[in-house]
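Me: I would like a close look at a single part of this model, the sheet and what packs against it. Please take it strand by strand and keep the account connected.

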Amino acid sequence: SLYGVIRKAVVDSTTHSGKLEEEKLEIEKIFKIEEIREIEKKLIKEIDKILESNKDLREKLSIANKKIESLEERLNKIKEESTKDTLTGLSNRRGFNERLKYEYERFKRYNGDYVLIMIDLDGFKAINDTYGHPVGDKILSQFGKVLRENVRAADFIARYGGDEFVLIAPETNLNEGKILAEKLKNIISLVKFKYEDLILKLTASFGISSFREDDTPESIIKRADDALYLAKNSGGNQVKTERDLGNEKI
């Protein structure tokens, strides 16, 4: 009957419609998976780019670090050379000024005892005038070595200029500084300074000041220098302290 045909058509249509819907969903799933895979591929490519970029960055950073280390080494070497006396191997005046400032700041912060000892070879100008500067340079080099070998590791010694040297002695009061200077004076007087066949006996004068609360690095040097001047004017081969100047603060 017509009704039966229509009914069958409707049923078939519904069945096919259901199947089509199912097929549609499957197709959508396939497309979604493909889209996800495409996205995944793109992400992997981006990640690879980032990793490669990071690798390149790490290499560049490594090269930069090596350059920085090399520059720091060169700067340290330049600084060391700029504060070293080439003749004696001791610190030069610039190195001494930096160290004195540092030690004075420590003194103000922690107190304690410090002395500054200025040392000058007696009659050195006559050596240069008589034997020439090569002999004088050799004497200064040997003199610096004698000083370096007869002070403590904590003491700081430098060539102040010409035949004048300076010593900073921490944890040392004025009396102890005088004992140290007397020891150095006696050692120097026994040394035989040599240049080829020439042998010379020398003496040295010493001036000592102690660090004070109201000091400046300049005033510490001034008192030691004044004491040294007094020692040399008193005949040389002597040790004088700021007490001998008659203006110390007790």
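Which residue in β3 does A158 stand opposite?

Reply: A158 stands opposite V166 in β3. This is a predicted model, and the description that follows should be read with that in mind.

The pair belongs to the contact between β2 and β3, which are joined in the antiparallel sense over 5 bridges. These two strands form a hairpin with 2 residues between them, and in the turn G162 has a positive phi of about 60°. On its other pairing, β3 runs antiparallel to β1, with 7 bridges joining the two, and one of the residue pairs there is Y114 with its bridge partner P170 in β3.

Taken as a whole, the sheet is open and has 5 strands in the order β2-β3-β1-β6-β7, with mixed pairing. The strands β2 (156–161) and β7 (239–241) stand at the edges, and because each has a single partner strand, one side of each is left without a neighbour in the sheet. From one strand to the next the twist averages 20°. At the β7 end, β6 and β7 run parallel and are joined by 3 bridges, where G207 has K240 of β7 as its bridge partner.

β3 itself is largely enclosed by the rest of the structure, since 7 of the 7 residues of the strand are buried. E164, V166, I168 and P170 point one way from the strand, whereas F165, L167 and A169 point the other way.

The neighbouring strand β1 (114–121) is among the elements that give two or more residues to the largest nonpolar core, as are β3 (164–170), α5 (174–190) and β6 (204–210). In that core of 31 residues, I117, F143 and F206 touch the most other members, while α4 gives the most residues, 6. Leaving aside its neighbours within four places in sequence, I117 is in contact with F165, V166 and L167, with G177, L180 and A181, and with F206, G207 and I208. Apart from this core lies another, of 17 residues, which includes F107, M118, I168 and I220.

As for what packs against the sheet, α5 lies across β1, β3, β6 and β7, running at about 165° to β6. Two further helices meet each other: the axes of α3 (residues 124–131) and α4 (residues 133–149) come within 7 Å and cross at roughly 140°, which makes α3 oblique to α4. Their contact is made by F124, I127, N128 and Y131 of α3 together with H133, V135, G136, I139 and L140 of α4, a set that divides into 6 nonpolar, 3 polar and no charged residues.

Definitions and conventions: Residues numbered from 1 in each chain as written. Predicted model: local features only at pLDDT ≥ 70, side-chain atom pairs only at ≥ 80, totals over all residues. Heavy atoms only, no water. Axes fitted to C-alpha atoms, helices over the stretch in contact; angles between N-to-C directions. Helix = DSSP H or I, 4+ residues; strand = E, 2+ residues; numbered from the N terminus. Parallel < 35°, antiparallel > 145°, perpendicular 65-115°, else oblique. Contact = heavy atoms within 4.5 Å. Nonpolar A, V, L, I, M, F, W, Y, C, P; charged D, E, K, R; others polar. Core = buried A, V, L, I, M, F, W, Y, C linked by side-chain atoms within 4.5 Å. Buried < 20%, exposed > 50% of the residue type's maximum accessible area, 1.4 Å probe, protein only. Pairing = 2+ DSSP bridges.
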